[in-house]
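Let's take a walk through this one together. Keep the sequence and the 3D view open as you read.

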Amino acid sequence: MKVLFILTYYRPHVSGLTIYVERLARELAARGHEVTVLTSHYAAHLPREERMDGVRVVRVPVLFRFNKGVFMPAFPAIAWREIRRADVVSIHLPQIEAALSALLTRLGGRKPLLTYHCDLQMPPVWYGKLVDRFTYWDNVAAGALADTGVAYTEDFARHSPSLSRFRAGNRGKLRVILPPVVIPDPTPEGMAALAARIGLPADGRVSADKQPRVIGFAARFAYEKGADYLINAIPHILREIPDIRLAFAGPYGKDVIGETIWDDLQPLIKQYEPYLTFLGTLNPAQMADFYALCDVVTVASINNTESFGLVQVEAFMCGTPVVATNLPGVRQPVTMTGMGEIVPIADAEALAAGIVKVLRDPQRYLKPRGEIMRRFELKQTVDAYETLFHEKARRE
């Protein structure tokens with residue numbers, strides 16, 4: 001079967017959406033399917049076409065970029081070519097080209113299949129509301145053209161403005177498929193290396209009463225991820241736990257496309273600099289070591305641009321509990337497993353309280369890794385997509 005994935009950003013860009021599609025594409029290719037990813041040529045040093053882990057990646061030239069969006073005049077022609085080659089077309093939202101991709105798929109005699117990862121909510125810039133409204137109606141149009149929609153959870157599907165509209169009108173066409181999660185085993189050597197970068201004793205998990213507690217944040221340093229609320233939680237945490245380190249794993253500064261929060265937060269970052277370590281983008285093996293080194297991982301997201309938080313399940317698989325905000329979908333991993341606390345959105349003091357609660361009694365939140373692995377097994381996700389693709393694929 002020839003499978004085409006369409007999304008705005010793909011590797012080496014790092015986000016939950018790109019990791020999701022990468023894992024799915026790679027596994028389907030390993031099962032013998034011919035997989036192509038159509039994405040943007042967002043960085044000049046990247047090749048226009050390459051093969052990665054058995055997946056053909058085609059990048060469309062970008063004329064200019066605005067915040068996280070891209071303008072690609074050649075997209076219709078290249079998308080039409082790739083759609084005509086494919087048996088099944090999987091379009092991943094949010095993207096500005098969603099409705100156009102769905103329309104071209106229909107015109108090409110294929111059934112558009114949408115995976116709705118999250119809502120788009122721009123940072124508070126002057127053109128933000130305009131982009132938000134355009135994207136909303138573009139998503140609505142894509143949904144009207146779609147044959148089937150996929151959501152991570154029923155919780156998010158009910159509360160997302162775009163997805164709830166699709167769900168209401170196409171209840172039988174919405175499928176809930178848990179996202180693909182995979183994480184290698186942590187290693188003592190990898191944990192020791194990260195511990196040294198954070199300034200900790202290189203002896204594995206730091207949890208003794210007199211040792212610093214490590215609070216992890218695994219995401220792009222972006223407005224919607226709530227990093228500022230985590231940093232502002234520091235004084236509240238220190239009242240209860242006097243020795244802490246905040247470790248940030250993920251791109252920051254100029255490495256985050258379309259973001260200015262790094263510059264805006266420099267006074268706050270300098271104020272709490274002794275407690276902060278920015279590790280940058282880590283590879284999958286390093287991420288496992290990172291989770292295992294942390295005493296708690298936080299998902300401090302503030303809006304529906306986060307719909308689940310893959311990092312939560314990755315942390316669970318490494319034996320680390322999570323404090324997550326009470327967003328639709330984001331609250332589901334903790335609700336499903338009991339491995340953490342759910343706290344109010346955009347509230348630094350409440351976030352601190354949740355962190356302190358977990359750090360004071362971490363054993364209360366731990367579950368056997370096998371139990372977590374069975375619930376979020378990668379094979380289940382890939383099987384569900386493969387079944388959907390077989391059902392909807394073009395027949396000769």
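**A walk through the model**

Leaving aside its neighbours within four places in sequence, S301 is in contact with E224, K225, G226, E306, T325, L327 and I345. One of these partners, E306, also has a side-chain link to S301: a polar contact of 2.9 Å. Bear in mind as you go that this is a predicted model. S301 sits in the loop between strand 14 (296–299) and helix 13 (310–317). Loop or not, S301 counts as buried, because its relative accessibility is 1% and the cut-off is under 20%.

Step back along the chain and you come to helix 12, residues 284–293, with L293 in it. At 0% relative accessibility, L293 is buried too. Its C-alpha atom is 12 Å from that of L246, a residue 47 places away along the chain.

Now for the nonpolar core. The largest one has 66 residues, and the members that touch the most others are F5, Y10, F290, Y291 and F389. Helix 1 (residues 16–30) is the top contributor to this core, giving eight residues. In soluble globular proteins, nonpolar side chains tend to be buried together. Zoom in on Y10 and, apart from neighbours within four places in sequence, you'll find contacts with T18, V21, E22, A25, V37, T39, Y42, M52, V55 and V57.

Aromatic rings are worth a look as well. There are 18 aromatic pairs in the structure, and one cluster is made up of F5, Y20, Y152, F308, Y385 and F389. F5 and F389 may ring a bell: they were among the core residues touching the most other members.

Next stop, helix 15, residues 348–360. Its 13 residues reach 18 Å from first C-alpha to last, close to the 18 Å expected at 1.5 Å a residue. At the N-terminal end D347 acts as the cap, with a side-chain oxygen 3.2 Å from the backbone nitrogen of E349. The buried residues of helix 15 are A348, A350, L351, A352, G354, I355, V356, V358 and L359. What covers them? The cover includes strand 11 (213–218), helix 8 (227–232), helix 9 (234–238), strand 14, strand 15 (322–325) and strand 16 (340–343).

In the loop between strand 16 and helix 15 you'll also find A346. This residue has a positive phi of about 55° although it is not a glycine. With 36% relative accessibility, A346 is partly exposed. D53 is another non-glycine residue with a positive phi, near 55°. You can find D53 in the loop between strand 3 (49–52) and strand 4 (55–61), where it is exposed, at a relative accessible area of 52%.

While you're checking the backbone, look at two prolines. The peptide bond from R11 to P12 is cis, with omega near 15°, and P12 belongs to the loop between strand 1 (2–6) and helix 1. The bond from L93 to P94 is cis as well, its omega near 10°. P94 is placed in the loop between strand 7 (88–93) and helix 3 (98–107).

Last, the cysteines. How many disulfides does a search of the whole structure find? The count is zero. Take C294: the nearest cysteine sulfur belongs to C318 and is 9.8 Å away, so C294 is in no disulfide, given that a disulfide needs the sulfur atoms within 2.5 Å. C294 is buried at 1% relative accessibility, and C118 also counts as buried, at 12%.

Definitions and conventions. Residues numbered from 1 in each chain as written. Predicted model: local features only at pLDDT ≥ 70, side-chain atom pairs only at ≥ 80, totals over all residues. Heavy atoms only, no water. Helix = DSSP H or I, 4+ residues; strand = E, 2+ residues; numbered from the N terminus. Buried < 20%, exposed > 50% of the residue type's maximum accessible area, 1.4 Å probe, protein only. Polar contact = N/O pair within 3.5 Å; in protein donor to acceptor, adjacent residues only side chain to side chain. Contact = heavy atoms within 4.5 Å. Core = buried A, V, L, I, M, F, W, Y, C linked by side-chain atoms within 4.5 Å. Expected span 1.5 Å × (residues − 1). Phe/Tyr/Trp six-rings, centres within 6.5 Å; stacked < 30°, edge-to-face > 60°.
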